[in-house]
Amino acid sequence: MAKDPLAEAGIYFDELKNLTALEPDVSQKTSELQEGSKDFVDKIEQFQKIAARSIRLIDELAKEVEKQKRKAIAARNLKKLMARLREVQQQQQQTLIAEKKSQLERYRIEAEALSKVESEQNKLINQFI
């Protein structure tokens with residue numbers, strides 16, 4: 001088969017019968033590469049959008065976790081404070097009980113002493129009568 005004199009000169013016709021300097025298979029591969037590159041860029045842009053949404057979501061979740069963490073710490077501190085307050089109140093009540101027992105013992109001793117005095121006075125009155 002005879003070679004095309006235009007092809008030998010590096011001039012070709014494309015599918016629309018326009019003159020081109022690229023061989024038809026190189027032109028086709030270039031078009032395929034361009035389409036593939038465009039698809040790749042579109043996918044990268046889509047990935048970047050998804051990644052940005054994911055990062056925003058993770059940031060929001062991190063803020064919520066931090067908020068809940070602070071609430072948990074506050075609740076734990078409040079629980080410790082309430083436990084300390086109960087201990088202090090219990091100690092105050094125990095001190096008050098000890099004071100009342102001491103007072104009761106003093107009153108008991110005083111009552112015994114007064115009872116002895118009354119008994120002695122009654123004996124003395126009975127001796128005079």
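Student: How much area does the chain expose, and what share of it do carbon and sulfur atoms supply?

Tutor: The chain exposes about 12,300 Å², and carbon and sulfur atoms supply 59% of that. Accessible areas here come from the Shrake-Rupley method with a 1.4 Å probe, and for residues only the protein chains shown count as cover. Keep in mind that this is a predicted model, where local features need pLDDT of at least 70, side-chain atom pairs count only at pLDDT 80 or more, and totals for chains, interfaces and linings use all residues. Also, residues are numbered from 1 along each chain as its sequence is written, and side-chain values use heavy atoms, with hydrogens and water left out.

Student: How do you know what confidence the predictor has in the chain?

Tutor: Look at pLDDT, the predictor's confidence in each residue, from 0 to 100. Its mean over the chain is 89, and 81% of the residues reach 70 or more. Among the elements, helix H1 (residues 5-8) has the lowest mean, 63, while H2 has the highest, 95.

Student: What makes up the chain, in terms of helices and strands?

Tutor: There are 2 helices and 2 strands, running α-β-β-α from the N terminus on. Both kinds are DSSP runs numbered from the N terminus: helices are H or I with at least four residues, strands are E with at least two.

Student: What percentage of the residues are buried?

Tutor: Just 1% of the 129 residues. Buried means under 20% relative accessible area, exposed means over 50%, and partly exposed is in between (1.4 Å probe, protein chains only).

Student: Why is Leu81 called partly exposed?

Tutor: Its relative accessibility is 41%, so Leu81 counts as partly exposed. You'll find Leu81 in helix H2 (residues 24-128).

Student: What makes a patch, and which residues form the nonpolar one around Leu81?

Tutor: Patch members have over 30% relative accessible area and no salt bridge; like charges are joined within 9 Å, and nonpolar side chains (Val, Leu, Ile, Met, Phe, Trp, Tyr) within 5 Å. Leu78, Leu81, Met82 and Leu85 form a nonpolar patch on the surface, with about 350 Å² of accessible area together.

Student: Why is the Lys38 and Asp42 pair called a salt bridge?

Tutor: The rule asks for a side-chain nitrogen of Lys or Arg within 4 Å of a carboxyl oxygen of Asp or Glu. In this pair the closest N and O atoms are 3.2 Å apart, so Lys38 and Asp42 form a salt bridge. By that rule the count comes to 3.

Student: Why are Lys38 and Asp42 said to be about one helical turn apart?

Tutor: Because they sit 4 residues apart in helix H2. Lys38 is exposed because its relative accessible area is 52%, whereas Asp42, at 32%, is partly exposed.

Student: What joins Glu105, Arg108 and Glu112?

Tutor: Take the pairs in turn. Arg108 forms a salt bridge with Glu105, the closest N and O atoms being 2.2 Å apart. Glu112 forms one with Arg108, at 2.3 Å. Salt bridges sharing partners therefore join Glu105, Arg108 and Glu112 into one network.

Student: Are Arg108 and Glu112 buried or partly exposed?

Tutor: Arg108 is partly exposed at 39%, and Glu112 is partly exposed at 40%.
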